[in-house]
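This report examines how one protein chain is organised, from its overall fold down to a single pair of helices. The reader is invited to keep the model in view throughout.

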Amino acid sequence: MTVPTGRRERKKAATRQKIADTALRLFLEQGYDAVGIREVAAAADVAVTTLFSHFASKEALVFERDADFEHRLAGAVAGRAPAEPFLPDLRREVHALVQHCATPGAAPVWRMIDASPALRSYEESMRLRHSEALAAALAAGPGRGRSATACRAIARSVVEAHALARQAADPDAAVNELFRMIEAAWAVTAPA
């Protein structure tokens, strides 16, 4: 996550984090559907408009690192030459994201997400956005010369690797296994 440099940026980041932390605490204590936006704003001691200036929806409060994750995935491949290896860096990012999502403290959050149709739907749309951003970064960099379909398929595989690995008994081994398949698929799509 990028660390804000100026005082104003630090205050905004602190307010955003306070809102997210408060929302998550309330959701876990009372249930996602039982807590309203006004309750979150009041408990975080901010106006509802302030909450919405940081988060576009109630679901976004649960996935507060969404933009950071998307940026990290796309950033792992952005600006690379077609022949420059990027899969090791992308694998490291996925490992880091999985470790973040597979901590013991994350289990109640994932149970809450799994129990809520709204959160599951938001997560699915978030994963699609992440894969589209990654596909665009692949097509602009190391994927030049590969078809848009190949870039999108690889990007979706990477994002799904994150989702599958965080649910595995051994997340690190799952990432490694999945990336062996992704690496093979990437090699197969190389232009002749």
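The following paragraphs describe the fold, the domains, the annotated regions and one helix packing.

**Overall fold**

The model discussed here is a predicted one. The protein contains ten helices and zero strands. Read from the N terminus, the order of elements is accordingly α-α-α-α-α-α-α-α-α-α. Along its principal axes, the C-alpha trace spans about 60 × 40 × 25 Å.

**Two domains**

The domain assignment divides the protein into domain 1 (7–61) and domain 2 (66–187). Between the C-alpha centres of domain 1 and domain 2 there is a distance of 26 Å. The two domains touch: seven residues of domain 1 are in contact with seven residues of domain 2. Between them, an area of about 630 Å² is buried, and carbon and sulfur atoms give 82% of this area. Which three residues of domain 1 supply more of the area that it buries against domain 2 than any other three? They are L28, Y32 and E59, which supply 66% of that area.

**Annotated regions**

Two features come from the UniProt record, an unreviewed entry: "DNA-binding region" at residues 36–55 and "domain: HTH tetR-type" at residues 13–73. The table sets out the computed values for each span.

| Residues | Helix | Strand | Distance between end C-alpha atoms |
|---|---|---|---|
| 36–55 | 75% | 0% | 14 Å |
| 13–73 | 75% | 0% | 21 Å |

The annotation "domain: HTH tetR-type" ends at residue 73, whereas domain 1 of the domain assignment ends at residue 61.

**The packing of α5 and α6**

Two packed helices are described by the angle between their axes and the distance between the axes. Helix α5 covers residues 66–75 and helix α6 covers residues 87–101; they pack at an angle of about 160°, with their axes 9 Å apart. Are these two helices roughly parallel or roughly antiparallel to each other? Angles over 145 degrees count as roughly antiparallel, and α5 and α6 are therefore roughly antiparallel to each other.

On the side of α5, the contact is made by F69, R72 and L73. On the side of α6, it is made by L90, E93, V94, A96, L97, H100 and C101. By class, the contact of α5 with α6 comprises seven nonpolar residues, one polar residue and two charged residues.

Technical notes
Residues are numbered from 1 along each chain as its sequence is written. This is a predicted model: local features need pLDDT of at least 70, side-chain atom pairs count only at pLDDT 80 or more; totals for chains, interfaces and linings use all residues. Side-chain values use heavy atoms; hydrogens and water are left out. UniProt positions are given in the numbering used here, feature names are shortened, and annotations may be inferred rather than shown by experiment. Helices (H or I, at least four residues) and strands (E, at least two) are DSSP runs, numbered from the N terminus. Axes are lines fitted to C-alpha atoms, for helices over the stretch in contact, and angles run from 0 to 180 degrees between N-to-C directions. Angles under 35 degrees count as roughly parallel, over 145 as roughly antiparallel, 65 to 115 as roughly perpendicular and the rest as oblique. Contact means heavy atoms within 4.5 Å. Ala, Val, Leu, Ile, Met, Phe, Trp, Tyr, Cys and Pro count as nonpolar, Asp, Glu, Lys and Arg as charged, and the others, Gly among them, as polar. Domain bounds come from an automatic or database domain assignment. Buried area is the accessible area (1.4 Å probe) that two parts lose on being put together, summed over both.
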